[in-house]
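Student: I have a structure open and I'd like to learn how to read it. Can you walk me through some features?

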Amino acid sequence: MKQDIILAGVGGQGILSIATVIGRAALDQNLYLKQAEVHGMSQRGGDVQSNLRLSSDPIHSDLIPRGGCDLIVSLEPMEALRYLPYLTPEGWIITNTTPFVNIPNYPATEAVMAELHRIPNLIAIDVDTIAKEVKSPRSANMVLLGATASVLRILDPDKLRDGIRTVFGRKGEAVVDTNIAAFDAGYEFANQHLAR
Amino acid sequence: MAEKHLLLGDEALALGALHAGLSGVYAYPGTPSTEITEFIQNHPLTRERNLHCDWSSNEKTAMEAALGVSYAGKRALVCMKHVGMNVCADAFVNSAMTGANGGLVVTACDDPSMHSSQNEQDSRFYAEFAMMPCFEPSSQQETYAMIRHAFDFSEEKRIPVLMRLTTRMAHSRAVVETGEIRPENEVHFPENPRQWVLLPANAKVRNQALIADYAGFGEAAEQSPFNVLSDGPDDSLGIIACGIAYNYLMENFPDGCPYPVLKVSQYPFPKGLARRLAARCKTLLVLEEGQPLVEKMLCGVFDTGITVKGRLDGTLPRTGELTPDCVRAALGLPARAEYAASQVAVPRPPALCQGCGHRDFYTALNQVIKDYPTARVFSDIGCYTLGWLAPFHAFQTCVEMGASVTMSIGAANSGVWPAVAVIGDSTFTHSGMTGLLDAVNAKADITLCISDNLTTGMTGGQDSAGTGRLEAICLGLGVEPEHLRTIIPLPKNYPDMEQTIHEELEYHGVSVIICRRECIQTARRHAAKK
């Protein structure tokens, strides 16, 4: 079994901490993993992505081939669309719905959402609002990870919760708890969405 | 005892070097190489053994200090991005002439596709040029093992070696199993002291010896465990896959490659293995990340009856990093089904952070410059290079580290007025100080603006070599005290800043304006620590 993920967002939004938790969980489950990250110039408010590959068998390429990505996970709706040619026809997009507008020619939100809704397998989720609802306003990225867990079949959600505990453990129990609450809220939202 | 870690290629190299008995790392930050040195700086073994790990002023001082470590019999690692090789080239090429005593590994991280660089030069050419062995790993696990081998090889053959990574290897994570930790070397001096004094009489002798040794490096590459010729049932194509290109090949054949493959990770290029491949396959496809070094070597002037395909004949793109997709097309495999590109997504270029001091500096500079239609601004390498983009469009050139200062001198010599140079603090101490000395000696009519954010910003906030001493450095180089000005870039200071810039543009000699405010990213981190 293998699952290939593109994590997308804008520099500074926190996609790397999602990747770190997934990496921790994958290591715990003895999976093979490759994760290509973006460092350097593009981190300054530009578009950033990380190619994350998980498999029960050895992985060759650090990069995901076009048409080979199973999940696009994005903290920003337009950024989810940027990687469409990489998505398999059966692939999923799990994206935040709140635009991050730091360019003058950002397209109309309706146009972005309309294109997203043409993808049959879509989980569109307002992670900031949900994070606030569970009193974890700074853990919006963990809400997105929770939503992703509902379709990330290769990883056990409990391993992801363990990953959160390990990664945020040194920041204290309160930080761990708010991140777990955010994760659970995202997971719950996505499962309800899938049941509909 | 073997342990499992999830490591970037850079980190696998760093940990491998520590475990190989490293005594010091010498480096200047540069994407995608920075994480090697940072990993060593933060590793407990570094503190336990009290290893050298402070940043160097530039790649040349790093290379020379490491050569000193090697002379003293210990193991040293030098790290830089590919363009840093140009800066240290004098020391690098001559280190092949002195040879190594303690193991000396130079790591160059190339950036094909120019994700964060101004060109895509291929460092393997430097190894060829200097007659040095070169290693190019294809996985994070191989990187960990290879750096150990490279140190051993360097000591056994008494030659510095080049390790070449590319962006995708440097900045991709995978599980790495670690091995035993070797002690450091004791101090011991070279057997042949003449070799380290490169007077012509000695150098001529050494040059002949190096040429003879280079043949031996080639023999070693033929036998190397990192260079593997593997069989395949279909002789219609033979594939030579260098470094990380091997992964893109195998990605396209999950059930095994049907063609014979020569995987190359150690140079000089193993010609014997290539001949064995060509004896079976009359068409060869060369997959290599970066420039077509191997391909050029194989497709000579004469018709050999062997067809060589690669970047030069258009089978692969002439530029840019390799991907599983361009390799797939080169293999003649059908493209996978995919979605069409988005109709609405637009580019999102990087920008200077909100609240960054460079922004305030450019705002004030632009305000003054608009009254001088003949002015030209020469900028440099760093975060502030983003000032070329909207809304600032603040300068006309950006070439390489330090060129702002010296290009402004040349332009001033040619009658350009005002000639303004813009450089960051770290770039200034890297390669701008000697240019400023030239300007002072020539009484050049330039205004040098040092946008000092007290750090090396673009690479993530490493220490900057001249922090707290820029005024002293400028005065020491001979800048007149009354034309060495300091301003604090904040919106409330715009009138003062503009006045200062205006006055110094009008001064017909060397002026230096230090524009100082801490990088907001490092300021935030410093505040969080307190």
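Tutor: Sure, let's begin with a cysteine: Cys398(B) is partly exposed, at 32% relative accessible area. Keep in mind that this is a predicted model.

Student: Which cysteine sulfur is nearest to Cys398(B), and how far away is it?

Tutor: That's Cys383(B), whose sulfur is 12 Å away, and Cys398(B) is in no disulfide. To count as a disulfide, two cysteine sulfurs must lie within 2.5 Å.

Student: What about Cys109(B): buried or exposed?

Tutor: Cys109(B) counts as buried because its relative accessibility is 0%. Its closest cysteine sulfur belongs to Cys79(B), 7.2 Å off, so that is too far for a bond. Over all chains, the structure holds 0 disulfides.

Student: Now for strands. How many residues of strand E5 of chain A are buried?

Tutor: In general, side chains in a regular strand alternate between the two faces of the sheet. Here, E5(A) spans residues 87-96, and 7 of its 10 residues are buried, so call it mostly covered, with buried meaning under 20% relative accessible area.

Student: Which strands pair with E5(A)?

Tutor: Strand E4(A), residues 69-74, pairs with E5(A) in the parallel sense over 5 bridges. The chain gets from E4(A) to E5(A) through helix H2(A), residues 77-82, in a right-handed β-α-β crossover. Strand E6(A), residues 122-125, also pairs with E5(A) in the parallel sense, over 4 bridges. That crossover, from E5(A) to E6(A), goes through helix H3(A), residues 109-117, and is right-handed.

Student: Where should I look along E5(A) to see both pairings?

Tutor: Try Thr95(A): Ser74(A) stands opposite it, and its bridge partner in E6(A) is Ala124(A).

Conventions. Residues are numbered from 1 along each chain as its sequence is written. Chains are lettered from A and ligands numbered from 1 in the order in which they are written. This is a predicted model: local features need pLDDT of at least 70, side-chain atom pairs count only at pLDDT 80 or more; totals for chains, interfaces and linings use all residues. Side-chain values use heavy atoms; hydrogens and water are left out. Buried means under 20% relative accessible area, exposed over 50%, partly exposed in between (1.4 Å probe, protein chains only). Helices (H or I, at least four residues) and strands (E, at least two) are DSSP runs, numbered from the N terminus. Two strands pair if DSSP finds at least two bridges between them. A crossover is right-handed if, with the strands pointing away from the viewer, the path from the first strand over the helix to the second runs clockwise.
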